[in-house]
Amino acid sequence: MRVGVVVNPIAGMGGRVGLKGTDGKVAEARERGAERRAPDRAVAALSALGERAPVAEILTFGGEMGAEEARRAGFDPEIVGEPSGSETTAEDTREAVRRLVAENVDLILFVGGDGTAVDVADTLAGVDADVPVLGVPAGVKIYSSVFAVTPKAAGRIAASFDRVEEREVNDIDEEAYRGGEVRAELKAVARVPVADALQSSKQLGGGTVESLAAGFADDVEDGVTYVFGPGSTVGAIQSELGFDGSPLGVDVWRDGKTLAYDANEGEILNHLGERNAIVVSPIGGQGFVFGRGNDQISPDVIRRSDVEVVASKTKLDGIGVLRVDTGDEDVDDSLRGWRKVRVGRFERRLLKVV
């Protein structure tokens with residue numbers, strides 16, 4: 001077994017000194033007396049790996065990006081590269097991942113927080129690699145579900161997994177977080193070993209239809225033509241914007257004015273502008289966002305518009321996937337894949353359109 005190891009040695013430094021994260025705050029963290037915690041957590045994970053898989057091959061970057069920790073855990077690692085300077089950067093993490101992929105590792109075990117998880121997942125997507133990953137929690141904020149619950153659990157999982165599944169990579173705006181506001185966003189999906197000792201995505205507060213509607217209203221842009229589909233969730237957004245939509249119909253709205261009420265396809269097309277956005281909610285229990293009850297939003301309308309899917313958390317929990325059936329296979333194909341669904345004021349979930 002070949003395990004690629006990537007350690008972000010500064011991850012988590014800001015937590016204990018009250019900075020709620022380390023992004024852009026390393027110097028201040030040091031001034032406050034912060035100590036590195038990621039290297040010790042890496043050693044704990046690798047030691048647990050070594051107990052169960054002592055002949056595993058460890059490939060990593062030099063210094064505290066993995067080599068030192070691997071040696072402390074009893075391994076003789078293969079060094080595939082070195083950090084670019086005395087202070088490691090996100091680009092060092094990305095370069096380490098690229099080189100580990102080139103070495104055909106079976107798993108990338110990374111040590112850090114959500115920011116590190118994003119760097120790892122984005123890099124894998126950029127090189128079109130399907131190498132599974134597993135996070136050793138070392139950051140201040142862990143909102144992603146690609147991490148083991150503890151460093152030792154990560155080592156045990158890495159040594160013995162036989163299946164993988166797709167899980168969410170989330171990150172939040174640290175500056176907003178320091179100000180008491182949680183702005184979380186789903187950044188990617190990564191393949192992760194299947195195990196009981198993986199943490200779930202952290203559920204954020206404010207995931208109500210009311211907060212969803214308020215968040216959407218905050219993000220409304222001038223000059224954009226909005227095509228609102230049927231349903232109570234979309235209706236809550238319309239109420240937040242100050243107008244009553246047709247409960248079972250499709251409405252067109254722009255810059256505070258209702259352009260078409262209970263519109264048909266032709267009326268919708270006539271009112272579209274240079275920038276258009278369709279707002280739809282899936283049918284509960286079925287998951288259809290197009291092709292059931294909103295045929296007025298035709299393939300021609302969809303081709304000219306962005307699509308925003310909104311839903312309550314409860315509805316999504318009962319669906320699992322989203323579905324489309326527009327009658328145009330090319331349009332259906334363009335809609336398939338992973339899509340962000342707004343479920344709260346700031347929170348989004350990633351759901352697959354099939």
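The questions and answers below walk through a predicted model, beginning with a sheet and the helices beside it.

User: In what order do the 5 strands of the open sheet stand?
Analyst: The sheet is open, and its 5 strands pair in the parallel sense. On average, neighbouring strands in it are turned by 25° against each other, with direction ignored. Read across the sheet, the order is β3-β2-β1-β4-β5.

User: Which strands stand at the edges of this sheet, and why is one side of each left without a neighbour?
Analyst: A strand that has a single partner strand is paired on one side, so its other side has no neighbour in the sheet. This applies to the strand of residues 78–81 and to the strand of residues 133–137, which are β3 and β5.

User: Which residue of β5 stands opposite L109?
Analyst: Strand β4, made of residues 107–112, runs parallel to β5, and 5 bridges join the two. Within β5, the residue standing opposite L109 is L134.

User: At about what angle does helix α6 run to β5?
Analyst: Two helices can be described here, and helix α2 (residues 38–52) packs on the sheet, where it touches β1, β2, β4 and β5. The direction of α2 makes about 165° with that of β1. Helix α6, residues 151–160, lies across β4 and β5, and its angle to β5 is about 160°.

User: Which residues touch the most other members of the largest nonpolar core?
Analyst: The largest nonpolar core has 54 residues. One of the residues asked for is L49, which, leaving aside neighbours within four places in sequence, is in contact with V3, P54, I58, F75, G155, A158 and A159. A second, separate core of 26 residues includes V250, A263, I278 and L322. In the largest core, the residues that touch the most other members are L46, L49, I108 and L134.

User: What is the bridge partner of V341 in β16?
Analyst: Strand β15 (residues 337–342) pairs in the parallel sense with β13 (residues 306–310) over 2 bridges, and there V341 is the bridge partner of V309. Strand β15 also pairs with β16 (residues 348–353), in the antiparallel sense and over 6 bridges, and a hairpin of 5 residues joins these two strands. In β16, the partner of V341 is R349.

User: Is K313 buried or exposed?
Analyst: K313 lies in helix α12, residues 313–317, and its side chain makes a polar contact of 3.1 Å with that of E347. The relative accessibility of K313 is 15%, and a residue under 20% is classed as buried, so K313 counts as buried.

Definitions and conventions:
Residues are numbered from 1 along each chain as its sequence is written. This is a predicted model: local features need pLDDT of at least 70, side-chain atom pairs count only at pLDDT 80 or more; totals for chains, interfaces and linings use all residues. Side-chain values use heavy atoms; hydrogens and water are left out. Two strands pair if DSSP finds at least two bridges between them. Helices (H or I, at least four residues) and strands (E, at least two) are DSSP runs, numbered from the N terminus. Buried means under 20% relative accessible area, exposed over 50%, partly exposed in between (1.4 Å probe, protein chains only). A polar contact is a pair of N or O atoms within 3.5 Å; within protein, one must be able to donate a hydrogen and the other to accept it, and residues adjacent in sequence count only if both atoms are side-chain atoms. A nonpolar core is a set of buried Ala, Val, Leu, Ile, Met, Phe, Trp, Tyr and Cys residues joined through side-chain atoms within 4.5 Å. Contact means heavy atoms within 4.5 Å. Axes are lines fitted to C-alpha atoms, for helices over the stretch in contact, and angles run from 0 to 180 degrees between N-to-C directions.
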